[in-house]
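Let's take a walk through this fold, starting with charge pairs and then moving on to helix packing and the loops. Keep the structure open beside the text as you read.

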Amino acid sequence: MNNRVQELRQQKGWSQADLAAFLKVSRQTVNALERGRYDPSLRLAFRIARIFALSIEEIFQPENE
């Protein structure tokens, strides 16, 4: 799954550790998300969307689209 997590995080001036703290996950989870090695649970995807005030679809896209 493709995502804009790194782009959005950098726009806010946040480190991976900052975002991890906001999401209550490890920095390694944020790193894996940004690198496309981890697809978040629906619950985590909603938390990410809320933090960036965007819809899930604006952040995450299937790889084939």
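A residue counts as buried under 20% relative accessible area, as exposed over 50%, and as partly exposed in between. By that yardstick Arg4 is partly exposed, because its relative accessibility is 25%. Bear in mind that you are looking at a predicted model.

**Salt bridges**

Let's begin with the charged side chains. Side chains of opposite charge can pair when their charged atoms come close. How many salt bridges does the structure hold? There are 2. One of them joins Glu7 to Arg4, with 3.2 Å between the closest N and O atoms. Glu7 is partly exposed, at a relative accessible area of 38%, and Arg4 is partly exposed too, at 25%.

The other salt bridge brings together the side chains of Arg9 and Glu34, at 2.5 Å from N to O. This pair ties distant parts of the chain together: Arg9 belongs to helix H1 (residues 5–12) and Glu34 to helix H3 (residues 27–34), 25 residues apart. Are these two partners buried or exposed? Both Arg9 and Glu34 are buried.

**H3 and what it packs against**

Glu34 has buried company in H3: Val30, Asn31, Ala32 and Leu33 are buried as well. What do the buried residues of H3 pack against? Their partners are strand E1 (2–3), H1, H2, H4 and strand E2 (60–61). Just after H3 comes Gly36, with a positive phi of about 75 degrees.

Take H2 as one of those partners. The axes of H2 and H3 are 8 Å apart, and the two helices pack at an angle of about 110 degrees. That angle falls in the 65 to 115 range, so H2 and H3 count as roughly perpendicular to each other. On the H2 side, the contact uses Gln16, Ala17, Leu19 and Ala20, while H3 brings Arg27, Val30, Asn31 and Glu34. Sorted by class, this contact has 4 nonpolar, 2 polar and 2 charged residues. Glu34 turns up here as well as in the salt bridge with Arg9.

**H2 against H4**

H2 (residues 16–23) also meets helix H4 (residues 42–52): their axes come within 10 Å and cross at roughly 115 degrees. These two helices are therefore roughly perpendicular to each other. The crossing of H2 past H4 is right-handed. Which residues make the contact? H2 supplies Leu19, Phe22 and Leu23, and H4 supplies Leu44, Arg47, Ile48, Ile51 and Phe52. The class split here is 7 nonpolar, no polar and 1 charged. Leu19 takes part in the contacts of H2 with both H3 and H4.

**Loops**

Now for the connecting stretches. Most residues other than glycine have a negative phi, and most peptide bonds are trans. Lys24 has a positive phi of about 60 degrees although it is not a glycine, and Ala53, also not a glycine, has one of about 55 degrees. Lys24 sits in the loop between H2 and H3, and Ala53 sits in the loop between H4 and helix H5 (56–59).

The loop between H3 and H4 holds both Pro40 and Ser41. Here is how these loop residues compare with the solvent-accessibility classes:

| Residue | Relative accessibility | Class |
|---|---|---|
| Lys24 | 72% | exposed |
| Ala53 | 69% | exposed |
| Ser41 | 38% | partly exposed |
| Pro40 | 17% | buried |

Why does Pro40 count as buried? Its relative accessibility is 17%, and buried means under 20%. What does Pro40 touch, leaving aside its neighbours within four places in sequence? It is in contact with Leu33, Ala45 and Phe60. Leu33 is itself among the buried residues of H3. Pro40 and Met1 are 39 residues apart in sequence, and their C-alpha atoms are 9.5 Å apart in space.

For Ser41, take Phe22 as a reference point: the two are 19 residues apart in sequence and 16 Å apart from C-alpha to C-alpha. Phe22 is one of the H2 residues in the contact with H4.

Technical notes. Residues numbered from 1 in each chain as written. Predicted model: local features only at pLDDT ≥ 70, side-chain atom pairs only at ≥ 80, totals over all residues. Heavy atoms only, no water. Salt bridge = Lys/Arg side-chain N within 4 Å of Asp/Glu carboxyl O. Buried < 20%, exposed > 50% of the residue type's maximum accessible area, 1.4 Å probe, protein only. Helix = DSSP H or I, 4+ residues; strand = E, 2+ residues; numbered from the N terminus. Axes fitted to C-alpha atoms, helices over the stretch in contact; angles between N-to-C directions. Parallel < 35°, antiparallel > 145°, perpendicular 65-115°, else oblique. Left-handed = near helix turned anticlockwise from the far one by under 90°. Contact = heavy atoms within 4.5 Å. Nonpolar A, V, L, I, M, F, W, Y, C, P; charged D, E, K, R; others polar.
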